[in-house]
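User: Could you take me through one part of this protein at close range? I would like to look at the open sheet and what packs against it.

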Amino acid sequence: MQRSQQRAETPPGHVVVIGGGIAGLAAAHHLVATGLRVTLLEATDRLGGKLMTGEVAGVQVDLGAESMLARRPEAVALAREVGLADRLQPPATATASLWTRDALRPMPKGHVMGVPGDPAVLGEVLSPEGLARIAEERDLTPTPVGEDVAVGAYVADRLGREVVDRLVEPLLGGVYAGDAYRISMRAAVPQLFEAVKEGGPLLEGVRRIQERAAARQQTGPVFQGIEGGIGTLPAAVADAVRAGGGEILDRTPVLGLTRTESGWAVRTDTRTIAADGIVLATPAWSAGTLLAAESPAASAELSGVEYASMALVTLAFRRADIERYEALRGRSGFLVPPVDGHTIKASTFSSNKWQWVADAAPDLFVLRTSVGRYGEEDHLHREDEELVAVSLRDLAEATGLTARPVDTEVTRWIGGLPQYPVGHLARVARIRDEVAKLPALRVCGAVYDGVGIPACIASARRAADEIAGELTGEIAGEIIATSTLVRGTGSEAGQ
């Protein structure tokens, strides 16, 4: 009998995906396409993780992530694959500001995550002293970076703290809800890390990055949204998984994982499921708990991953009540440097930024603020009314807005974003090294390869490909070479 006939007569392997966020859903979608049998288990009653829609004043809006990077292909490609191509929509405006030094100031252009290539663009943001400090960089001795370095520490050493405090902090904080003086350059801004390792002044390194980006001649929007909200993507992916024969079970927490002679036993609160392979697409603390018995070393590393929590305050105003506030016109929103001492860290003017929001509620103006970041979670213990009140207070100071909202919604994201401190990629490599010692088990999600939606999807597809390769080889009666290769190079793959 030929090998193709053997494979056709062998029942497909069964992969259990644990976690129903966008990474878990993307892994399940990719696995179904390989012909494997897939069961996805989600502990809560909702799929999507940090992608979620809700209503304010009767208008559907995003209450979690609201856009996805379009210069990376994974998220846009997945949206198209699950039937959302005609609903992809770039921002109507990308004119953001910084609320700093008591004014809304245009966001400088020509920077890499706040690190400028030309100090001339920073005149409205930095003080004369801050600009003078940048000019001193050429006379400084080189700053070693070693295997990794904190973004804020390195940039402050080269260009002064003001660049970090007023530009790098709010931009990095918007992505990681973290502290720029702790965040790994190698993990969070890898192109900057590579430029720094090449040597020379930091400003010249930024210009080299910009020149390389220009040479690639990337066109199209930098970001994309989805009409109806990014939070509609998980349901579309789930529908595609089911249509491909996959099973999705919500309200099904996983209590334990045990290796068996034939694969894995996945214990839930109601039954035990036999699996040939496992994809763990859960936050670090959950993955660490589930791996404690079978991989204590990976579990210990996962337990060291810290998270930031934040709250989103969504506000709807009558458009007639806000028309006189010029600061609300044309802008997509603003970022707030923590050094300025305000409570909110950012505000998005949703009705300006997304045409679908404006079209859905032409008589309303919807905006949202974010509160909290790593080390500043005390705000999240306030009552909803307090968070609304402090948001309105800061909005009034920033824009002059004194109108009262007709409706509000407060969404708390506890443990919302994993932190990427110096050494994070080395930790990820160690986790993957240990996990690779287990048969047909992989991890994926925001902990490992980036917190953005495309990065989570790429992480999921990597895990799915490795599991599919391993199981396909076993089903055919052999361990395929790529499976051995993956297990043997787990450390390099995590770099």
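Analyst: Happy to. Two strands count as paired if DSSP finds at least two bridges between them. Please keep in mind that this is a predicted model.

With that in hand, start at β17 (residues 307–318), which is joined to β21 by nine bridges, the two strands running antiparallel. One of the residues to find there is A311, whose bridge partner in β21 is R412.

Now step back to the sheet that holds this pair. It is open, has seven strands with mixed pairing, and follows the order β8-β7-β18-β19-β20-β17-β21. The edges are β8 (103–106) and β21 (407–418); each has a single partner strand, so one side of each has no neighbour in the sheet. From one strand to the next, the twist averages 30°.

Strand β20 (residues 364–371) contains S370. This serine counts as buried because its relative accessibility is 18%, and the cut-off is under 20%. Leaving out residues up to four places away in sequence, S370 touches A311, L312, I344, K345 and A346.

Next come the helices. α6 lies across β7 (96–100), β17, β18 (333–335) and β21, at about 120° to β7. Helix α16 (residues 384–399) also packs on the sheet, where it touches β7, β8, β17, β18, β19 (344–348), β20 and β21, and its direction makes about 70° with that of β17.

Finally, the largest nonpolar core has 59 residues, and V155, V168 and L172 touch the most other members. Helix α6 (residues 161–176) gives the most to this core, seven residues.

Technical notes: Residues numbered from 1 in each chain as written. Predicted model: local features only at pLDDT ≥ 70, side-chain atom pairs only at ≥ 80, totals over all residues. Heavy atoms only, no water. Core = buried A, V, L, I, M, F, W, Y, C linked by side-chain atoms within 4.5 Å. Buried < 20%, exposed > 50% of the residue type's maximum accessible area, 1.4 Å probe, protein only. Helix = DSSP H or I, 4+ residues; strand = E, 2+ residues; numbered from the N terminus. Contact = heavy atoms within 4.5 Å. Axes fitted to C-alpha atoms, helices over the stretch in contact; angles between N-to-C directions.
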